[in-house]
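Student: Please take a close look at one part of this model for me. Start with a single loop residue, then work outwards to the other local features.

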Amino acid sequence: MSGDETSHARDASPAISDADEDARNLLRVRDLSTRFFTEEGQVNAVESVDFDVRDGEVFGIVGESGSGKSVTALSIGDLVESPGRVTSGEVWYRNADLAEEIDDPEAVDGDFVDVRQVPENVRRSLRGPSFSMIFQDPMSSLNPSLTVGEQIAEAVEVQRRARANPRSTRSRTQGYGLADMLASTVLPSRSYVSEESRERAIELLEQVGIPDPADRADEYPHQFSGGMLQRAMIAQALAGEPDLLIADEPTTALDVTIQAQILDLLRDLQDETGMSIVMITHNLGVIARMCDRVGVMYAGEIVERGQLADVFDDPVHPYTQGLLGSIPDLDEPASRLQPIEGNVPDLYDHEMGDRCYFADRCPYAMEECLSHPPEFDTETGKPVDPKTDPGEHGARCVLANHEFRPEDALPEEYFAVESEDSSGSDREAAETEEVNTDD
Amino acid sequence: MISELLSKLFGGVWETVRGGVSPRTARNLRKEFRNSLLAKLGVVLVVAAILVAAFAPVLAPHDPTTQNLDGSSLPPLGFSKETTQTSSEMVNGSIEVVNETVYVEADPNHPLGTDSLGRDMLSRAIYGARTSLMVGFLGTAIAALVGVTVGLAAGYYGGRVDDALMRSADVMLAFPSLVLAVALVGLFGKVSIPVPDPLVALGVESGMPDSFVLPGTVILVVGLVNWVWFARVARGEALSIQSEEYVKAARSVGASDGFIIRKHVLPNSVTPILVLATIQIAAIILLESSLSFLGFSGTTLSWGFDIAQGRDYLATSWWISTIPGIAIVLTVIGINLVGDWLRDALDPGIEGEGGGP
Amino acid sequence: MTDPLVRVEDLQKYYFEQDSLVDRLLGKEPESVQAVDGVSFDVREGETLGLVGESGCGKSTTGETLLRLREPTDGAVYFDGENVFESADLDEFRKRAQVVFQDPFSSLDPRMTAGQIIREPLDVHGIGTKAERRERVEELLERVGLSAGQVDRYPHEFSGGQRQRVGIARALALEPDFIVCDEPVSALDVSVQAQILNLLEDLQEEFGLTYLFIAHDLSVVRHISDRVAVMYLGEVVEIGPADEIFENPGHPYTEALLESVPRADTSEQGREVDPLAGDVPSPRSPPSGCRFHTRCPYAREACKRESPGDYDVAGRADHQAACFRRVEDHDYWDSPPLGEDEQVAEGTADD
């Protein structure tokens, strides 16, 4: 169904001459930056990120906590909340129908629509047909006081009403007022959710592998196990038959055997519907299992990107190497792990500086790492602009350009001294605070 | 076990409260204070009430207990009172009653007027602050001591101990607090403890009462009526803290229950208890006023007592009831505003853990 | 063979629900949750025994109960020959057995400084003078890879990995022989996790420590353990040397676990995985017979009827699995296979 739709969309769109590349893309993210404005200062959670997601592929974003991977997911899903804000960048979704309707030439590029430049109501109508999201914790994503079936049916209903009235990009709950809601408590026939939607919800539950879907639809979230809830949430996300599923740590809260089930399910669904998936996780195993291409995030940036095999078998960025080296291998245990020294940075704007963000933990830090490196194509070793010409395998590290030069290496204590200094002043600040408390 | 706990609680109350206020907490307090006009107003009101109570002998223009029947029921400045003066005159051998309307003007010596016995209202309001605040603070201290001890024990030990303690607390809650308080006062009798006034004793001020009456029974009773609230809050805190891993860690190194309660559970539950205490002070001041109003107090220098006194003269001398009433309202509002400030600043959501470098 | 340092015999820990006064008055029967149901294993001096299983299998409860942080329902734990559950004076045991917890946030009292936290065990046992304690704390901080200058910092001023180091320093303060590591790295990022694992290994070597390492991450367990015990629904289903367990698993559950773990390797793409069906049944009413029979791909009638004992795997006395398939002449082989419907129905009936 959704597979048909995507191919249909592709045929219908008049191919723009040099847009062969674009036609294969479903999502283009350009120069995306998201900041959080907290009391302690500005946090650069996502820092000028560019990537594309192609038709029918699984694009993985991997990183540790605080790398900005989840904020990236929220940013492309248009769900960043205060005190965070997407401060710059473009998020282009391919949606030919919508692109036709919008007059603003700035916000449309061929079949693509920029989420950041269209009004709120248009943005809302992208949700569902263009993309939908699933999260780590399904328990908190479902309303505990409504049955699972009802919630999925509601999602279906919203999409159904939107389709029935495609010209209107207004709120899809329009025409359903307070009076209808009150009436629905007495007369089931007046309820917002139609019988068709309920049936579709049960179909969806069946599609995501929930046994006895008709019975389970009438149960409440607390009666579901963690794995079942995640399935239910996937069913809800599928209600709009999305072109792109953004999955933010979908298996992190689950046990390995259940994780395997969910990963299998996502694979099957993808085969069935032809949708693309953005898979965000810290688990390199999940990435290896699921993804066609992968971007490695560190300190809000994509530091390395490429085909899975390129990144995993031939990592260029020392962070990628470190990440792969620090996980114990289940099949061939090494006698000793090779951890990355130090800690993940806090991403405070005033602490980031102009150097390569990984330099303080990098075993190959050189003089030139003190200025921020561009992205290099690992094949040619030339700097590339990921906005216009994303190469197949890129890395934001000078090592992609030339070998490590020991004579340029920064002295080992270079950053140690710096961090000791800053922690010292922190300490003083904390002490002054305490003195103040006393009086 | 309980006695050990008590002694440790007593000794370490201040230390605990201090230890419970981390730099982060202090920062939140300051920030919330800066941003909130109401918090500032509350602090001003409370500080004013405390200063007034502490320096009552200096501030009060008259001895609040001196009666002057010649100048009774004088109105506050800016008001006058219209009364009918009845005099009898001997006119032509017969007694004639003359009704004459006179205007009683305010006396600048008694800016807030006098009561029916000619006592200075301002001085009484000032001294009344002492009673209210003393009962408020001491009563809350007793309530907190009993309640926190019971609550921590119930929450920490759980099971049967919890059941027994908290069900009895539920029973306490089932009684209307005023009825319970009246019953308890009846049970204990009125005990008044005269406390020498240091300012008078040191000769800073003379002509004022040389001692101040502490309504002992009332303090005890309001404490015993209100401990339940502390028990509930402390229990909830203890219940969640005792399952924290740092408590398990302390147990695994062999720390005794008393040690754990003192070092881990109590300090980490101080914040909500502090917030509750502020609100309880206000509640207890109101309860004391009610008891005084009903005549169950051990002192005659109390806002509630004055309101009761003025009740009979409401039609003619409204200020006798109104002035202590306003004093109560201002104090209670002030304390509640401080309580709100603490609650907003110390909200457990913001407090304690959370990220940061 | 010498006596093991820790011997756990038939350990049981049940929790009771609906057990309050009100429930009693209403005449409700207390409902038992069999978190740990008859677990036995040894931990030998100087080794690391990995205890692995999915959430709710009772592995953490086992760790806490054997340290007597929870009161056991039944069973015995011998530490250096002494029954921990019967001894009245736990002082000595408390000094020699320590614990490192999973959550680097909740395992440190937010209102205490790193110094106070690490010093607490010394305070409790009244060891040394104030100056000596201070010195010891600084020494410990440096030993776990922090600096002595960080002694007055509060937990929230540390990163997750650094907090875990503080927790480890606290566990080391009394110079213990035995440490229960309860998921010590599962809340950490992979790069930091490797640091902590290396630290734990170094400390073990330096101080001759014995670890009970509880974790759900199989690759971590394989990396750090000498021997491994696999738990499912409150029972140990397989125990043996780490390499044996991972290369020649004797229990279908272990097999399924191993298969489910996605490898961080490009070969993962083509690997066929047949994930276990269904969910873990509720420990309130565990399945009859072999508890795994509701999800087991090899389940037969016999598994439903009868509880398996511990059978040697591949003829090795040090590798045992609780599965009839390890016994060549068991009734199992003659009994009919369980229908899939039967399995699923039973497995999901109680959640």
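Tutor: Asp265(C) sits in the loop of chain C that joins helix 10 (252-260) to helix 11 (301-305). Helices here are DSSP runs of H or I with at least four residues, strands are runs of E with at least two, and both are numbered from the N terminus. This is a predicted model, in which local features need pLDDT of at least 70, side-chain atom pairs count only at pLDDT 80 or more, and totals for chains, interfaces and linings use all residues. Residues are numbered from 1 along each chain as its sequence is written, chains are lettered from A and ligands numbered from 1 in the order in which they are written, and side-chain values use heavy atoms, with hydrogens and water left out.

Why does Asp265(C) count as partly exposed? Because its relative accessibility is 35%. Buried means under 20% relative accessible area, exposed means over 50%, and partly exposed lies in between (1.4 Å probe, protein chains only).

Asp265(C) also joins a surface patch of negative charge, together with Asp313(A), Asp314(A), Asp329(A), Glu332(A) and Glu379(A). Patch members have over 30% relative accessible area and no salt bridge; like charges are joined within 9 Å, and nonpolar side chains (Val, Leu, Ile, Met, Phe, Trp, Tyr) within 5 Å. A salt bridge puts a side-chain nitrogen of Lys or Arg within 4 Å of a carboxyl oxygen of Asp or Glu. Asp and Glu count as negative, Lys and Arg as positive; His and the chain ends are not counted. Each charge is placed at CG of Asp, CD of Glu, NZ of Lys or CZ of Arg.

Stay in chain C. Thr65(C) belongs to helix 2 (residues 59-66). Its relative accessible area is 0%, so Thr65(C) is buried. Beyond neighbours within four places in sequence, Thr65(C) has contacts (heavy atoms within 4.5 Å) that include Leu11(C), Lys13(C) and Phe85(C).

Now the backbone. Glu183(C) lies in the loop between strand 7 (178-182) and helix 7 (190-207) of chain C. Its phi is positive, about 50°, although Glu183(C) is not a glycine. Glu183(C) is buried, at 8% relative accessible area.

Over in chain A, Asp78(A) occupies the loop between helix 3 and strand 4. Asp78(A) has a positive phi near 55° and is not glycine. At 22% relative accessibility, Asp78(A) is partly exposed. Pro83(A) is also placed in the loop between helix 3 (69-76) and strand 4 (84-94). The peptide bond from Ser82(A) to Pro83(A) is cis, with omega near 10°. Most residues other than glycine have a negative phi, and most peptide bonds are trans.

Definitions and conventions: Areas by Shrake-Rupley, 256 points an atom, 1.4 Å probe, with all protein chains shown as cover.
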